[in-house]
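Thanks for coming. I have one structure to go through today, so please put it up on the screen.

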Amino acid sequence: MLNYYSAQLHRQTDRYTGLSSSCRPHDSVRTFISENTETAGENSLTPELKLRLFTPNCRFWRERPELWPFDDPYWAIYWPGGQALSRFLLDNPEVCQDKKVLDVGSGCGASAIVAKLCGAAHVVANDIDPVAAIATHMNCELKGVEPPICVTDNMVGSGPERFDLILLGDMFYDEALATSLHSWLDRCIKTHGTRVLIGDPGRAQFEGHDIRRLLHQQAQFELPESVREENYGLTFSCVWSYNPEL
């Protein structure tokens, strides 16, 4: 069975997973996601948003990781930085309205979905895991919104495309990645004047990085008890704007 699902995954080779027939999520992968996740989100910072996620009732909450047939399923967790970003946008829809928005490391697609709900003119969800793109489509269906364009190439480090707003939730978990993001975001801002919003619950790699002193806090949210328990006792998650001229 693992080889079967891996074969299905490798067929998801197109860069863009939009609404065309050539990019339609594969039924077998959708079935696998449906069978191994639950619709959840009511205990998050955005209870109005339902997502297909891992819960304690799911097999792979307890199963040996090597039995998972795809790349690590970061998309199956609604991380606290992404929760804070999504809450902030829902509370301040004008941030996205009529904007061209890029969600980097989009995972389950929550922030991209919220950008659509807030009236963004164009939304791209970028995650290098093709299964995340399929999960994003499925989560859009739960909310009844048209899916964003899903890009599975790594856009970090590429020539900066023009976006009005870039969203990054929980992306500063690794020092090398954080440094790469720092450099790329600088280019995006200098080239296009892009606004950058970052969601993070205060991980050590984020707090200790050079970019931290260039951030301005936009909002702070107290995490629900269940989210704290799943994230090693982290109690708050914040949204920051990146201002490289500081």
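I will take the pockets, then the aromatic rings, then one helix, and then a few single residues.

Before that, please keep in mind that this is a predicted model.

Pockets, then. The largest pocket comes out at a volume of about 770 Å³. Its lining is made up of 34 residues. If you want to find the middle of this pocket on the screen, look for Y74, G105, D127, M171 and Y173, which lie nearest its centre. Which helices and strands each supply at least two residues of the lining? They are strand 4, residues 100–104, helix 5, residues 110–117, and helix 7, residues 175–192. By residue type, the lining of the largest pocket holds 17 nonpolar, ten polar and seven charged residues.

The second largest pocket has a volume of about 290 Å³. It is lined by 17 residues, and A40, G41, L53, F54 and E230 are the closest to its centre. Helix 9, residues 225–230, contributes the most to this lining, with three residues. The split for the second largest pocket is nine nonpolar, six polar and two charged.

Keep F54 on the screen, please, and we move to the rings. A general remark for this part: two aromatic rings are described by how far apart their centres are and by the angle between their planes. The model has ten aromatic pairs. One of them is F54 with W75, a tilted pair with 6.4 Å from centre to centre and 50° between the planes. What does this pair tie together? F54 is in the loop between strand 3 (51–53) and helix 3 (59–62), while W75 is in the loop between helix 3 and helix 4 (80–91), so the pair links parts that are 21 residues apart in sequence. Both F54 and W75 are buried.

Another pair is W68 with F70. This one is edge-to-face, with the centres 5.9 Å apart and 85° between the planes. W68 and F70 are both buried as well. These two pairs belong in one picture: ring pairs join F32, F54, F60, W68, F70 and W75 into a cluster.

There is also a ring with a charge over it. The charged end of K100 sits over the ring of F163, 4.9 Å from the ring centre.

Now back to helix 5, which we met in the lining of the largest pocket. Is this helix mostly covered or mostly open? Mostly covered: six of its eight residues are buried. The buried ones are A110, S111, A112, I113, V114 and A115. As for what covers them, the list includes strand 3, helix 4, strand 4, strand 5 (122–126), helix 6 (130–143) and strand 7. After helix 5 comes G119, which has a positive phi, near 90°.

Two residues next, with partners from elsewhere in the sequence. D153 is in the loop between strand 6 (149–151) and strand 7 (165–169). It is partly exposed, at a relative accessible area of 38%. The C-alpha atom of D153 is 5.7 Å from that of I128, although their positions lie 25 residues apart along the chain.

H192 is in helix 7. H192 is partly exposed too, with a relative accessible area of 27%. Which residues does H192 contact, leaving aside its neighbours within four places in sequence? P160, E161 and R162. With P160, the C-alpha to C-alpha distance is 8.2 Å, and the two are 32 residues apart in sequence.

Last, two backbone angles that you may want to look at yourselves. D170 is not a glycine, yet its phi is positive, near 60°. D170 is in the loop between strand 7 and helix 7. At 8% relative accessibility, this residue counts as buried.

Y232 is not a glycine either, and its phi is positive, at about 55°. It is in the loop between helix 9 and strand 10 (236–242). Is Y232 buried or exposed? Exposed, with a relative accessible area of 83%. So much for the list; I will leave the model on the screen for questions.

Key:
Residues are numbered from 1 along each chain as its sequence is written. This is a predicted model: local features need pLDDT of at least 70, side-chain atom pairs count only at pLDDT 80 or more; totals for chains, interfaces and linings use all residues. Side-chain values use heavy atoms; hydrogens and water are left out. On a 1 Å grid over the protein atoms alone, a cavity is a set of points where a 1.4 Å probe fits but cannot get out, and a pocket is an open set with protein on both sides within 12 Å along at least five of seven lines; lining residues have an atom within 4 Å of a point. Grid points are joined across faces, edges and corners, and a volume is the space filled by probe spheres set on the points. Helices (H or I, at least four residues) and strands (E, at least two) are DSSP runs, numbered from the N terminus. Ala, Val, Leu, Ile, Met, Phe, Trp, Tyr, Cys and Pro count as nonpolar, Asp, Glu, Lys and Arg as charged, and the others, Gly among them, as polar. Rings of Phe, Tyr and Trp (its six-membered ring) pair if their centres lie within 6.5 Å; planes under 30 degrees apart count as stacked, over 60 as edge-to-face and the rest as tilted. Buried means under 20% relative accessible area, exposed over 50%, partly exposed in between (1.4 Å probe, protein chains only). A charge sits over a ring if NZ of Lys or CZ of Arg is within 6 Å of the ring centre and within 35 degrees of the ring normal. Contact means heavy atoms within 4.5 Å.
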